[in-house]
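Colleague: I would like a close look at one part of this model, the place where the two chains touch. Please work outwards from there into each chain.

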Amino acid sequence: MILKRYGAGLILTFMILFLLTAMLLLSFQDGPFDGGVFLWGVILAAVIVLQYNILSAVFKHIDRITLLIADFLCIIGFVMLYRMNPEAGERQFMWIVVGNIAMVAALIIIKRVRDFGRANWWFMLLGILLLGITLVLSTSQLGANNWLKIGPFKFQPSEFVKVLFLIVTAYFLSTRQRKRDMWPYFLFTIACVGILVLSTDLGAALLFAGTFLIVFYVGTGNLGITLLSIGAFAGGAYASYYLFDHVKTRVEIWQDPWAAYEGKGYQIVQGLLAIASGGVLGTGLGNGMPTSIPVHETDYIFAAIAEEFGLIVAVALIAFYLVFIVRGILIAMDARAKFDKLLVFGSTCMLALQSFIIIGGVIKLIPLTGITMPFVSLGGSSMISSMMLLGIIEGVAQKNGELDEAELAEMGGGIE
Amino acid sequence: MDGAIYEVAAYAMRYWFILVIVGILVASIYISYKQYNEKKYVKGAMSKFFGYLEIVGGPEEFIGDRFGVREQNTIGSSQHADIILPDKTVLATHALLYVEEGDMILSPTSRSDTRINSRRAINQHKLKTGDIISIGDVDFYVYIKRTRIGNDS
């Protein structure tokens with residue numbers, strides 16, 4: 001009996017067509033044909049085609065659809081960034097390449113490792129240290145102290161602590177049977193969320209707390225501690241509303257951004273105006289004014305895409321995240337070891353929550369907290385960490401596929 | 001291309017972009033769905049098999065054939081048997097092969113010529129991987145699955 005692996009060449013072809021036509025259109029934006037712009041599209045297309053073909057040849061069992069969805073999100077982010085600021089697009093291209101290397105590294109490591117054992121204690125220490133250093137030395141950026149500058153490099157440690165957090169979560173929930181043996185993990189979570197709240201990086205704090213709640217409940221099924229944590233979480237949110245002015249303003253401008261149009265609400269209003277002016281079909285690539293939205297390159301890229309490509313594409317983008325999440329959960333359910341299950345589930349959960357928090361913030365569904373949109377937003381730290389999460393998912397998918405193949409081979413079957 | 005023409009071109013191209021992106025979305029959902037169904041089907045079918053019998057001796061045209069072993073199997077030359085051997089040394093219902101508490105058991109019917117590793121079998125016998133069972137003139141290699149497809153939990 002043969003289990004057939006479907007190639008996704010059709011999807012890849014459509015993606016490349018989209019990228020090339022969009023870059024061709026953009027190359028006419030400033031009057032005569034500008035070959036340099038189109039060349040960037042060709043280079044990115046070559047990178048994506050190479051990446052897909054090499055990865056699916058070397059790692060036969062990786063989940064191709066998840067990989068291609070991530071690639072597509074990178075492509076639409078690149079096109080939008082290039083349209084708004086060619087220099088940002090070129091930087092994003094570099095980050096896509098670096099992110100792919102990080103993904104392959106994560107894939108290979110996860111494929112070989114069982115559960116990292118004692119190294120988890122060092123991961124915890126490293127995570128706290130990174131966040132702590134950021135709290136002390138950070139340079140303030142848009143209300144959140146989450147950047148660390150070392151010489152010419154600037155990066156966001158919380159993005160990398162995300163990966164460490166997921167590994168530690170999976171390790172403790174899979175190896176400890178009794179709840180009271182998990183105390184180091186609880187302390188680690190509280191420390192991470194606490195430091196993030198203190199450095200006013202509320203988006204990341206929300207992400208860590210939400211991932212903890214979901215993965216803990218899925219991993220242990222313990223309703224008591226989960227409800228207790230939700231209570232603590234709600235209490236903490238309530239307290240921080242009164243303790244930090246930052247939180248208060250965020251909630252106020254969420255309730256009525258028009259009242260503070262001249263000041264803090266300007267960003268949300270501009271985002272909503274951009275989405276509204278795009279309408280269902282969009283203004284057409286290059287015809288809108290997405291650059292008038294503050295931080296249109298990172299947090300507000302969803303509004304920029306919605307303006308120029310229209311609501312249908314914006315909804316399709318959300319649907320892409322949903323397909324990604326469903327496939328991630330299927331891989332988690334298929335995994336044999338509990339550590340792998342929880343690791344993949346955690347990674348999927350984190351990407352899901354992250355996209356929900358930022359898209360929800362942009363469309364004024366929930367208060368806006370600055371966080372990047374996975375795979376789409378400009379930013380090295382964000383791209384690398386999202387790609388590492390993708391690498392974790394693909395690594396476990398590869399593990400699953402190898403075991404499936406061994407089981408089928410026993411019966412004279414195989415996977416093609 | 002001057003500004004006005006670009007604007008018209010971009011305006012027209014948006015339909016193409018919507019079409020392509022929705023196409024990618026529909027294709028990825030469709031392929032996911034098909035892959036999921038096929039995997040479910042293959043895994044479901046595979047989990048019904050406990051092992052296989054491979055013909056290693058006997059009439060030339062049978063050699064190399066494989067039969068999956070389910071929970072209850074009858075071996076014989078009749079059309080109603082699960083493992084059909086159209087050979088004149090095989091009785092209509094020659095032997096029963098079934099799985100009981102994780103063991104695969106061969107139970108020959110009376111008067112049948114059944115041997116396990118060249119020794120004549122009359123009563124029920126447990127089989128293990130590597131045994132050669134002979135049904136009439138046909139020799140089978142027995143393989144019993146070590147693992148069952150499924151999760152550890």
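Modeller: What follows starts at the contact between the chains, goes into the helices and cores, and ends with the strands of chain B. Please keep in mind that this is a predicted model.

At the contact between the chains, 43 residues of chain A meet 40 residues of chain B. On the chain A side, the elements that give two or more residues are α1 (9-26), α3 (64-84), α13 and α15 (380-410). Of these, α1(A) gives the most, with 9 residues. Sorted by class, the side of chain A that touches chain B has 29 nonpolar, 9 polar and 5 charged residues.

Take α13(A) next. This helix has 24 residues and reaches 35 Å from its first C-alpha to its last, close to the 34 Å expected at 1.5 Å a residue. Its buried residues include A:Val313, A:Ala314, A:Leu317, A:Phe320, A:Phe324 and A:Ile331. A:Arg327 and A:Asp334 are also among the buried residues of α13(A). Within chain A, the buried residues of this helix pack against α3, α12, α14 and α15, and across the contact they pack against α1 (3-47) of chain B.

Behind these helices is the nonpolar interior. In soluble globular proteins, nonpolar side chains tend to be buried together. Here the largest nonpolar core has 131 residues, and those with the most contacts inside it are A:Met15, A:Leu68, A:Ile75, A:Phe208, A:Phe302 and A:Ile305. The largest share of this core comes from α3(A), with 16 residues. What does A:Ile75 touch, leaving aside its neighbours within four places in sequence? A:Ile75 is in contact with A:Met15, A:Phe18, A:Leu19, A:Leu44 and A:Ile48. A second, separate core of 22 residues includes B:Phe49, B:Leu53, B:Val90 and B:Leu127.

Another helix of chain A, α11(A), covers residues 266-278. At 1.5 Å a residue its 13 residues should span 18 Å, and the end C-alpha atoms are 18 Å apart, which agrees. In this helix A:Gln267, A:Ile268, A:Gln270, A:Gly271, A:Ala274, A:Ile275 and A:Gly278 are buried. Seen down the axis of α11(A), the buried residues fall within an arc of 165°, so they line one face of the helix. An α-helix has 3.6 residues a turn, so residues three or four places apart point the same way. The buried residues of α11(A) pack against α10 (245-255), α12 (301-309), α13 (311-334) and α14 (338-362) of chain A. After α11(A) comes A:Gly279, with a positive phi near 70°.

A positive phi also turns up in a residue other than glycine: A:Phe116 has a phi near 65°. A:Phe116 is found in the loop between α4 (86-112) and α5 (119-137) of chain A. With 18 other C-beta atoms within 10 Å, A:Phe116 is partly exposed.

Now to the strands of chain B. An open sheet of 5 strands has the order β4-β3-β5-β6-β9, with mixed pairing. Its edge strands are β4 (83-84) and β9 (125-127), each pairing on one side only. Strand β6 (residues 103-108) runs antiparallel to β9(B), and 3 bridges join them. Across this pair, B:Leu106 stands opposite B:His125.

In strand β3 (residues 72-76) of chain B lies B:Thr74. Is B:Thr74 buried or partly exposed? B:Thr74 counts as partly exposed because it has 18 C-beta neighbours inside 10 Å, whereas 20 or more are needed for a residue to be buried. Beyond its neighbours within four places in sequence, B:Thr74 is in contact with B:Ala81, B:Asp82, B:Thr93 and B:Leu96. B:Thr74 and B:Pro108 are 34 residues apart in sequence and 9.8 Å apart in space, C-alpha to C-alpha.

Further strand pairs in chain B involve β10 (residues 132-135). Strand β7 (residues 114-116) pairs with β10(B) in the antiparallel sense over 3 bridges, and B:Ile116 stands opposite B:Ile133 there. On to strand β11 (residues 138-144): β10(B) pairs with it in the antiparallel sense over 4 bridges, with B:Ser134 opposite B:Asp139. The hairpin of β10(B) and β11(B) has 2 residues between the strands, and B:Gly136 takes a positive phi near 60°. B:Asn117, in the loop between β7 and β8 (119-120) of chain B, has a positive phi near 50°. B:Asn117 is partly exposed, with 13 other C-beta atoms within 10 Å.

Technical notes: Residues are numbered from 1 along each chain as its sequence is written. Chains are lettered from A and ligands numbered from 1 in the order in which they are written. This is a predicted model: local features need pLDDT of at least 70, side-chain atom pairs count only at pLDDT 80 or more; totals for chains, interfaces and linings use all residues. Two strands pair if DSSP finds at least two bridges between them. The expected span of a helix is 1.5 Å times one less than its number of residues. A residue is buried if 20 or more other C-beta atoms lie within 10 Å of its own, exposed if 12 or fewer, and partly exposed in between; C-beta atoms are placed from the backbone. The arc is that of the directions from the helix axis to the C-beta atoms. Two residues are in contact if their C-beta atoms, placed from the backbone, lie within 7 Å. Ala, Val, Leu, Ile, Met, Phe, Trp, Tyr, Cys and Pro count as nonpolar, Asp, Glu, Lys and Arg as charged, and the others, Gly among them, as polar. A nonpolar core is a set of buried Ala, Val, Leu, Ile, Met, Phe, Trp, Tyr and Cys residues joined through C-beta atoms within 7 Å.
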